[in-house]
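Good morning, everyone, and thank you for making time for this short talk. Please have the sequence and the model open, and we will walk through them together.

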Amino acid sequence: MKLFLNVLLLSVLSFSGFSQQIHLSGNVIDQNKTAIKGASLSIVSSEKNKILQSVISGEKGNFIFTQLKKGTYNIIISSVGYKKLSISVEVDTSDKYIGNV
């Protein structure tokens with residue numbers, strides 16, 4: 001029984017190493033390059049057209065989406081007093097910083 005549990009644990013740990021989790025981050029700013037605190041951001045799978053995560057930008061307009069997989073995504077950004085923005089982002093196999101949006 002103990003051998004079975006050890007083999008099962010090793011299998012789970014090995015499998016989790018193959019499914020790399022990628023982070024996507026950036027900053028929301030306005031035309032004057034001022035950070036937009038409290039902007040709503042949603043990341044949508046281009047393939048399935050499904051919202052995967054939603055976050056709120058921080059004090060400096062910063063945001064981060066976690067546990068993404070390689071693929072193409074749309075980020076929808078909205079905030080009171082600003083026009084809604086949608087951008088397409090390609091995520092490869094490593095963490096990505098998209099800069100100011």
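**A walk through the strands**

I would like to begin with one small detail, which is that a polar atom in the side chain of Tyr-73 lies 2.6 Å from the backbone oxygen of Lys-69. Please keep in mind throughout that what we are looking at is a predicted model.

Where does Tyr-73 sit? Its place is in strand S5, which covers residues 71–78. Tyr-73 counts as buried because its relative accessibility is 7%, and the cut-off for that word is under 20%. If we set aside the neighbours within four places in sequence, Tyr-73 is in contact with a list of residues that includes Ile-43, Val-44, Leu-52, Leu-68, Ile-87 and Val-91. You may also like to find Ile-51, which is 22 residues away from Tyr-73 along the chain, with 9.7 Å between the two C-alpha atoms.

Now let us look along S5 as a whole, where the side chains alternate between two faces. Gly-71, Tyr-73, Ile-75 and Ile-77 point to one face and are buried, whereas Thr-72, Asn-74, Ile-76 and Ser-78 point to the other face and are not buried.

Before going further, let us step back to the whole chain. How many helices and strands does the protein chain have? There is one helix and there are seven strands, and, read from the N terminus, the order of elements is α-β-β-β-β-β-β-β. The chain has 101 residues, of which 29% count as buried. When we take the contacts between residues at least 6 apart in sequence, 54% of them join residues at least 24 apart.

Which strands form the open sheet, and in what order? Four strands take part, in the order S3-S2-S5-S6, and their pairing is antiparallel. S3 and S6 are at the edges and have a single partner strand each, so one side of each is left without a neighbour in the sheet. On average, and with direction ignored, neighbouring strands of this sheet are turned by 25 degrees against each other. As a general reminder, the strands of a sheet pair through backbone hydrogen bonds, and they may do this in a parallel or an antiparallel way.

We can now go across this sheet pair by pair. S2, residues 40–45, is joined to S5 by six bridges, and here Ser-42 stands opposite Ile-76 in S5. S2 is also joined to S3 by six bridges, again in an antiparallel arrangement, and in this pair Ser-45 stands opposite Lys-50 in S3. Between S5 and S6, the latter covering residues 85–91, there are seven bridges. In that pair Asn-74 has Ser-88 as its bridge partner, and Ile-77 has Leu-85. S5 and S6 form a hairpin with six residues between them, and Gly-81 in the turn has a positive phi of about 90 degrees.

Let us turn to the interior. The largest nonpolar core has 16 residues, and those that touch the most other members are Leu-24, Val-28, Leu-41, Ile-43, Phe-65, Leu-68 and Ile-75. The elements giving two or more residues to this core are S1, S2, S4, S5 and S6. Ile-75 is a good residue to select on your screen: leaving out neighbours within four places in sequence, its contacts include Leu-24, Leu-41, Phe-65, Leu-85 and Ile-98.

How many salt bridges does the structure hold? There is one, formed by Lys-37 and Glu-59, whose closest N and O atoms are 2.8 Å apart. This pair links distant parts of the chain, since Lys-37 lies in the loop between S1 and S2, while Glu-59 lies in the loop between S3 and S4, 22 residues away. Are these two residues buried or exposed? Both Lys-37 and Glu-59 are exposed.

I will finish with Lys-96, whose place is in strand S7, residues 96–100. Lys-96 is called partly exposed because its relative accessible area is 30%, and that class lies between the cut-offs of 20% and 50%. Lys-96 and His-23 are 73 residues apart in sequence, yet their C-alpha atoms are 6.3 Å apart in space. Apart from neighbours within four places in sequence, Lys-96 is in contact with His-23, Leu-24, Ser-25, Val-89 and Glu-90. With Glu-90 there is also a polar detail, as the backbone oxygen of Glu-90 lies 2.7 Å from a polar atom of the Lys-96 side chain.

Technical notes. Residues are numbered from 1 along each chain as its sequence is written. This is a predicted model: local features need pLDDT of at least 70, side-chain atom pairs count only at pLDDT 80 or more; totals for chains, interfaces and linings use all residues. Side-chain values use heavy atoms; hydrogens and water are left out. Buried means under 20% relative accessible area, exposed over 50%, partly exposed in between (1.4 Å probe, protein chains only). Contact means heavy atoms within 4.5 Å. A polar contact is a pair of N or O atoms within 3.5 Å; within protein, one must be able to donate a hydrogen and the other to accept it, and residues adjacent in sequence count only if both atoms are side-chain atoms. Two strands pair if DSSP finds at least two bridges between them. A salt bridge is a side-chain nitrogen of Lys or Arg within 4 Å of a carboxyl oxygen of Asp or Glu. A nonpolar core is a set of buried Ala, Val, Leu, Ile, Met, Phe, Trp, Tyr and Cys residues joined through side-chain atoms within 4.5 Å. Axes are lines fitted to C-alpha atoms, for helices over the stretch in contact, and angles run from 0 to 180 degrees between N-to-C directions.
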